[in-house]
Each structure stands twice: as structure tokens, then as C-alpha cells.
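Hi,

Here is the structure I promised to pass on. Have a look at it first, and then read my notes below.

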Amino acid sequence: LRLTAIREADDTGACEAFLVGPQNVDVGLICENPSDCSASGAMEVNDVEVGKNATGTLATDPSANDSPVPFDFGNDSTSSAPLVLKYNDAGSVSLFASMPLLDGEGNPTGEVISGSSGAFTVIPGGFCIEATKTADAGDVDLTCSSVDAECSISGAAGDIFNLTVSAVAWEQAGEISSEFCDNPVTSNFEYSDLSLDSRVVAPASGKPAFLLTESITMSPQDGGALVFDQSISEVGVFEIFIPEGQSYWGESLPGGRSDPIGRFTPAQFEVVIADKGELQSKCQNKQFMGQPMGWPEESVPTLTITALNQSDVHTENYTNSDNDYAFMKLTGGDITVNYPDSQTVIENGESIVLTLDVIQNEGVRCTTNFRRTIKFGLRKTKTPELLASLLSCHLKFKPSRTVMVFPREICLPPS
């Protein structure tokens, strides 16, 4: 960039240099959009911080804020001086320059030479995107450094957390992700409907998630940084990013992305008895008082266990593949099956209460067992499901009545 000062020659009418050698020129900044400069925004011209003005200010306005800046216009064949700009904020701005004219003896003539640039746009150097949640000890960073299923739990799929988006100034080449978070915020940055998106980082073959907040509006009172509610609908580790190329006063904004966020787990599990199985007596279809009975191997009850998010929507990334970092943490030992302790039957119009004892079979506790031979896959709805089989715990009734008994309650922990 260069600042040029020329005039029309008296004798020839041709353009010629008006200023030569070292000169001090008054330079000011005008904030066009937004129309008021932020308190922290500073424009440096040739290493001199210049005065700031609202839109509509004229270079010849006596109240205009400007600053004397040294320039070297060289000899009469040059007619211009180098102009080096540095602006630590964002927005559409323009510059004006003015200089009082002096007579041959150095006295003011009352005339002023002035000019201004057209409006030009300064975009943020990048965006800082940070995910946190509020806890008793303060805000907790949700970054997943290992980017796999071994990260500590950040929350459940669909949980609300805080997301902070800050437009920041450029400091050095090659900055990515959280490296932008140490840069100064461009407090003049305003934007309506800035788009956000997410990408799944792990599991490797994971399905994409939906965001609670897919776009944001940054207003003047936000000062270039906005904190808002966000959630991720799926299990796994994710990045949230701002797509690059969004238009800003005729220029394209850079993109930005968070560090990996997670790990997110299912919020809850849906448990359905897929097959009730069939109890088998011990003595040719007869059952005697106090005699144990149980489910044979070929007819044990089977449960369908489906991972859900906070909106009761099936999640698709709760998997147990070694290639997908084993996000499925639920095991048979985590599941508790509670049986009823009695059963009421009607015989000849009379209610009879049968007491039920659950007896562990050969020392094995009565719970569920995830068997690797059990099918694990996707239905047509592409909803992952886990199939679990109940161990053949023996059931014993007192007095001598036999009825079908199924689990009263199946308890699953967060996982």
C-alpha cells in the first residue's frame, strides 16, 4: 500500500508530486460497519496508532480524531510513500488523511490537502471454539486428548454443555484449533446466523451427530465472543467447527474448529424382552413343591438393549469393534435382574400367593451374560442393538404351584 500526494502542474496541467521528502500527515480511522469502533480496536499506520471515528466523519472535520504519522515521499519523481497497516479488530473500515498547507515561509495558508480510502474489510484471523460444563469446582474442559473411548466421560449424548465461540485476531501462521484461543478477541465482530457443524472423530466409522445449536448471531453487546447452550446427539468424540467461506462484508471468513470433545455416552438404555423363553420342569413336565426348575440353554429369555440419547432417540455409535475403540462399555456384570419374590394365581376362584426363591446355579450369580455368540448388529432402521441372554438361574416355588415368571426389573448403569 502507498499514500500518494499529487497536484496538477501550473504550466503543463500534468500530474506531478505534491509532497517530497519526510512529511507528517494526519491520518484517522473510520469504522464503517459496524459504525462505531470498539474500545479495544486499534489501527496502526506505519507503527503509529491513529485516532478512531464513527462512520460519516470527514477528513476536514475539525473534531475528527486523527494522529500525525511520518511518511517519506522520496523525490519529486516518486509522489508516494509506503503505507503499512495493522488492525487488531474486524469490520469494514476506511482511512482519511489530511495536511495543512504552508506558504514559502512555513506559515499556514488556511488550505488543507485531504483524501480518503474506499471502505475495506478486515476479517478475524480465526475462531476459538471451546466446550465446557459447569461443575461444583467450576467450569470443566470437555476436551478429549486421547481421541478415543478411553477419555473420561464428558456427559451423555444430548446433554447440554457450554460452547464459547470467539472471533480472534491473527498472531502467527499455522495456528489451528485451540491455538487461536490465546489470541486477542476482535470485539467489533458482529454476525447474523454464523453456521456451525460437527464431525465425528471417534469411533472411526461413527455416524454424524445433530447439534442443538446450528447457527449463532453475535451482537454488538457480545464483544466478539458468545457463550451458548450446545449438545451433541450421538455417542463418541466430536469436533465442532465453523465452515470456512461464509461471507463477511464482501470477504470470506476463515473456518475454525474445536479440539476433540467427549467422550459422550448413552443417556439411558431401552430394555425389551425379545424372547420370554420357556421354563422347564425337572420331572417329565411335572413340578413338585420345592423342586428347582429353570430355563434350558435353548430357551433362555433374551433381552434387546438399545442405547438412547437424552431425547430417547437411538444412538448408532455405541459399538464394540476393536477398530472403533470399543465405545460399548456395558457388560453382563453391569446388569442387575430383579425377580419378583411372589406370584399370585387364581385357583377355583381363590387367590393363592406363591413364594419364589431364586437359586444360583453352581455358584454363578443370577444376572445376565453377554455372550460373544449372540448377534450384535444393525436392524433395517440402522439402530445398533445388543442382545443379552439370562443365565439359567433355578427358580423354586413354595407351595406346590408352577407358573411362568419373568424379570420384574432390569437395571443398567450409565456406561
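Let me start with a small detail. Val147 has a relative accessibility of 25%, so it counts as partly exposed, given that buried means under 20% and exposed means over 50%. I picked out Val147 for its backbone: phi is positive, at about 55 degrees, although the residue is not a glycine. You will find Val147 in the loop between β15 (138–141) and β16 (155–156). Keep in mind that this is a predicted model, and that goes for the backbone angles here too.

Asp193 belongs in the same note. Its phi is near 60 degrees, again a positive value in a residue other than glycine. Whereas Val147 sits in a loop, Asp193 lies in strand β18. With 48% relative accessibility, Asp193 also counts as partly exposed, because the partly exposed class runs from 20% to 50%.

There are cis peptide bonds to look at as well. One runs from Asn33 to Pro34, with omega near -5 degrees, and Pro34 is in the loop between β4 and β5. Another runs from Gly262 to Arg263, with omega near 5 degrees. That one does not involve a proline on its C-terminal side, as the residue there is Arg263, which is found in strand β26.

Now the overall picture. The protein chain has 36 strands and 0 helices. It is 415 residues long, and 43% of them count as buried. Among the contacts with a separation of 6 or more, 70% are between residues 24 or more positions apart. The chain exposes about 21600 Å², and carbon and sulfur atoms supply 47% of that.

On to the interior. The largest nonpolar core has 27 residues, and those with the most contacts inside it are Phe127, Phe161, Leu163, Val165, Phe189, Ile216 and Ile232. Several strands give two or more residues to this core: β14 (126–135), β17 (161–168), β18 (191–195), β20 (215–218), β21 (225–230), β22 (236–242) and β26 (261–265). Of these, β17 gives the most, with 4 residues. Apart from this core lies another one, of 21 residues, among them Leu29, Val69, Tyr87 and Met99.

If you want one residue to click on in the largest core, try Ile232. Leaving out residues up to four places away in sequence, Ile232 touches Ala157, Gly158, Asp159, Phe161, Ala209, Phe210, Leu211, Phe238, Ile240 and Phe264.

So what surrounds β17? In that strand, 7 of the 8 residues are buried, so β17 is largely enclosed by the rest of the structure. It runs antiparallel to β14, with 7 bridges joining the two, and Cys128 has Ser166 of β17 as its bridge partner. β17 is also joined to β21, by 6 bridges and again antiparallel; here Asn162 is the bridge partner of Asp229 in β21.

There is a smaller piece of sheet that is easy to trace by eye. It is an open sheet of 3 strands in the order β6-β5-β10, with antiparallel pairing. The edge strands, β6 (48–49) and β10 (85–87), each pair on one side only. β5 (residues 43–45) and β10 are paired over 3 bridges, and Met43 has Tyr87 of β10 as its bridge partner. Tyr87 is also one of the residues in the 21-residue core.

Last, the part you may want to open up: the largest pocket. It holds about 330 Å³ of space. Its lining has 20 residues, and Leu3, Thr4, Ala97, Gly115 and Ser116 lie nearest the centre. The elements that give two or more residues to the lining are β1 (2–4), β4 (22–33), β11 (91–102) and β12 (108–116). β11 supplies the largest share, 5 residues.

Cheers

Notes: Residues numbered from 1 in each chain as written. Predicted model: local features only at pLDDT ≥ 70, side-chain atom pairs only at ≥ 80, totals over all residues. Heavy atoms only, no water. Core = buried A, V, L, I, M, F, W, Y, C linked by side-chain atoms within 4.5 Å. Buried < 20%, exposed > 50% of the residue type's maximum accessible area, 1.4 Å probe, protein only. Contact = heavy atoms within 4.5 Å. Areas by Shrake-Rupley, 256 points an atom, 1.4 Å probe, with all protein chains shown as cover. Pairing = 2+ DSSP bridges. 1 Å grid on protein atoms, 1.4 Å probe; cavity = no way out; pocket = protein on both sides within 12 Å on 5 of 7 lines; lining within 4 Å. Points joined across faces, edges and corners; volume = space filled by probe spheres on them.
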